[in-house]
Amino acid sequence: MKEIIKYIKKNKLAYMSLYILVILYFLAVFADFISPYPYDIQHRDTPYHPPTQIHFFDKEGNFHLRPFVYKYELIDPVFKVYKINEDKIYPVQFFTEGEKHYLFGVIPTNIHLFGVKGDGKIFLLGADHLGRDIFSRLLYGSRVSLSIGLVGVLLSFSLGSLIGGISGYFGGKIDNILMRLSEIVMSFPGFYLMLALRAIFPITLSSVQVYFLIVVILSFIGWAGLARVIRGMVLSIREQDFVIAAKSYGASSFRIITKHIIPNTFSYLLIAATLSIPGYILGESALSLLGLGIQEPYASWGNMLSAARSITAISSYPWILSPGVAIFITILAFNLLGDALRDALDPKLRKML
Amino acid sequence: MFLYIIKRLIQMIPLVIGITFVSFIIIQLAPGSYIDQLKMNPQISAETLKELEKSYGLDQPLLIQYFKWLMNALTFDLGYSFSFHVPVTQLIQERVWNTLFLSITSAILAWGLAVPMGIWAALKPNSWVDKFIQLFSFTFMSIPNFFLAFLMLFVAVKTGIFPTGGATSPDYDQMSLIGKIADRLWHVALPAFVLAVGSLAGLVRLVRSAMIESLQSDYVLFARAKGLPEKDVIFKHALKNALNPFITLLGFEIANLISGAALVEIIVNWPGMGMLMLDAVLKQDLYLVMGGLYIGAIMLIVGNLIADILLAKIDPRVRQREVEGILK
């Protein structure tokens, strides 16, 4: 483990990616504290509010140490044209009181990292068609999008490595059946299979149910490829002395597979996991984008982007695309990190690629 | 060679049965059928419903329904679409050409650019060209293609250079032949670009590393020592050997021709298979969903088959192991 960290520290891009990921997960955990508004609060009087500019100088050119914002007034409700009213300044308050929320889900508090008092509003990334703050929704949405990758990988990798382990260790008939099964799963076009599996369940489910449904669907599609690779590795590991030793003192097959064989594939699993998390994030986004995933009013990066499916909305209010940027940054970070891990842990693979 | 192909075809049979069976089960698990929706309609009499159920074979046990469907599917008769009231094969035929046109255009674009770019980067590893190409590939590998599609739509709306949906203009029928071709190319440009950039980014990396490895090998050293011109060394010796693994990828490409573009199709309103599948899933159109899954899976198997045959033809090592192996 120490060697890995040392190697990643040497690779500047990977080190940066690791930092970015830590920050992203930190933001996700503290989403309700950092975001100025809850994800479902609607400001019906300010639909498609453009991103609020933060100022330090007022119109007379005086410098204010505390940043402030101006109020945006809706002058054309049809085309959502706003005018900035520079008469009154609204200072940005830090650790200010706002809507009540539960930190870590248990500690009740109404303190938010920042906010604006009175009738001024702060929408760092603008607002959507219902006047909900996109920045806040982005933070709440990151909880879904960032965790689904981890949970999905955990499930499909446990399944895949166990099946691959059993298949490779026992060989013969079991191997044959399991591998034919994985071939069948792999023969389906992934996106179609995802849609078809989603169709088994009613469209309207509670968001928690949909969340786990997506995890299960993505894992169902994802285990097969991994199981085949693990099987190949197990075929060579099972001939090694330590496995034979374990057998000779009477360890059960299950114990040998889970305690002796699978741990020897860990370095590969770590690389593969890092590189496949983006797939899960994309899968969730794609389903939610099509309206088959996380449902409103809950936020996920995918369902926030579904607002962009209207061409007029993209062209007039481009800030609704910001969840896409978040997805891009996250995936880039995971890809860079996975690449560095591959170089660090597996010089053999590095040569191959 | 012939025997090898036969052997591979026979190996496909259980796979096809497995695939169709799984897709059939999936659809059977879905709650409610199309008939249920009609039952809600008071204008449709019970007799008509019975008639319908019978003509679709819904009143028979599951296994019989499946075998009926499978027998027909082998001759590409995929049943009747509940919601469009036309045979599934006809529906798919209408849409599949649009999808193939889009994916083949983007595949040509991606491969046509990836190979020269990959070679260029590999010839001067760690030069600024190489670094730029690597940066490009990492960036575009990480941009989700649906997001890129949104960005391109934004550009298209703002500049008006590209149309923002559909495969042809409304006045397509009145155009001359050249006008028709130009119109189609104009419409395909945006989605094809989006798809091509995504696969190009991945391909470049692979071509680059395969070329670097190939350039360091003994046979390239030998070719150089023989005094061959550098052009011949690169294209006749290094490239030819480096491209072997890409035959397998070509198989994947064939497999993805129908289903790979689905999400981008839906976003840019391309009238292809993606939209059809989404509609079918939302409307619980049993035979249409199965038809789509079936065609997609067949393409994947056929793609792999073609890749294996090509590989056996090109690589004597594989040929010896696989083809001559069965003759003994």
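**Exercise 1. The strands of chain A**

Determine how many bridges join strand 2 (residues 63-76) of chain A to strand 3 (residues 81-103) of chain A, and in which direction, parallel or antiparallel, the two run; then follow the pairing onward to strand 4 of chain A.

*Solution.* Strand 2 and strand 3 of chain A run antiparallel and are joined by 7 bridges, and one point in this register is A:Phe68, whose bridge partner in strand 3 is A:Pro91. The structure is a predicted model, and every value discussed here is to be read in that light.

The next step is the connection between these strands: they form a hairpin with 4 residues between them, where A:Lys80 takes a positive phi near 55°. Strand 3 of chain A is also joined by 8 bridges to strand 4 (residues 107-116) of chain A, again in an antiparallel arrangement, and here A:His101 has A:Thr109 of strand 4 as its bridge partner. Strand 3 and strand 4 likewise make a hairpin, with 3 residues between them, and A:Phe104 in that turn has a positive phi of about 55°.

A further residue to inspect is A:Phe95, which is placed in strand 3 of chain A itself and has a positive phi near 50° although it is not a glycine. A:Phe95 counts as exposed because it has 10 C-beta neighbours inside 10 Å, where the cut-off for an exposed residue is 12 or fewer.

**Exercise 2. Domains and a long helix of chain A**

State which domains are assigned to chain A, and examine what the length and burial of helix 13 of chain A show.

*Solution.* The assignment gives domain 1 (52-122) and domain 2 (137-352) in chain A, and the centres of these domains, taken over C-alpha atoms, are separated by 40 Å. In secondary structure, chain A has 14 helices and 4 strands, while its C-alpha trace spans about 85 × 45 × 40 Å along the principal axes.

For helix 13 (residues 322-345), the 24 residues should span 34 Å at 1.5 Å a residue, and the end C-alpha atoms are 35 Å apart, so the expected span and the model agree. The burial count then places this helix in its surroundings: 17 of its 24 residues are buried, and helix 13 of chain A is therefore largely enclosed by the rest of the structure. Over the 353 residues of chain A, buried residues make up 41%.

A last check in this chain concerns the backbone at A:Pro297, which lies in the loop between helix 10 (266-289) and helix 11 (301-305) of chain A: the peptide bond from A:Glu296 to A:Pro297 is cis, with omega near 0°.

**Exercise 3. Chain B and its contact with chain A**

Describe the make-up of chain B in helices and strands, and work out which elements of chain B touch chain A.

*Solution.* Chain B contains 15 helices and 0 strands, and 36% of its 328 residues count as buried. Its C-alpha trace spans about 85 × 65 × 40 Å along the principal axes.

Turning to the contact between the chains, 40 residues of chain B are in contact with 34 residues of chain A. On the chain B side, the elements that give two or more residues include helix 1 (2-29), helix 6 (128-142), helix 7 (145-159) and helix 14 (286-314), and the largest share, 8 residues, comes from helix 1. By residue class, this side of chain B divides into 30 nonpolar, 9 polar and 1 charged.

**Exercise 4. Core and surface**

Identify which residues have the most contacts inside the largest nonpolar core, and set against them a residue of chain B that is exposed.

*Solution.* The largest nonpolar core has 164 residues, and B:Ala149 and B:Val289 have the most contacts inside it. Helix 8 (residues 177-215) of chain B gives the most to this core, with 15 residues, and the core also draws at least three residues from each of domain 1 and domain 2 of chain A. Leaving aside residues up to four places away in sequence, B:Ala149 touches B:Val194, B:Val264, B:Ile267 and B:Val268.

For the contrast, B:Asn126 is exposed, because 9 other C-beta atoms lie within 10 Å. B:Asn126 is found in the loop between helix 5 (88-123) and helix 6 of chain B, and has a positive phi of about 70° although it is not a glycine.

Conventions
Residues numbered from 1 in each chain as written. Chains lettered and ligands numbered in written order. Predicted model: local features only at pLDDT ≥ 70, side-chain atom pairs only at ≥ 80, totals over all residues. Contact = placed C-beta atoms within 7 Å. Nonpolar A, V, L, I, M, F, W, Y, C, P; charged D, E, K, R; others polar. Buried ≥ 20, exposed ≤ 12 C-beta atoms within 10 Å, placed from the backbone. Core = buried A, V, L, I, M, F, W, Y, C linked by C-beta atoms within 7 Å. Domains from an automatic or database assignment. Expected span 1.5 Å × (residues − 1). Pairing = 2+ DSSP bridges.
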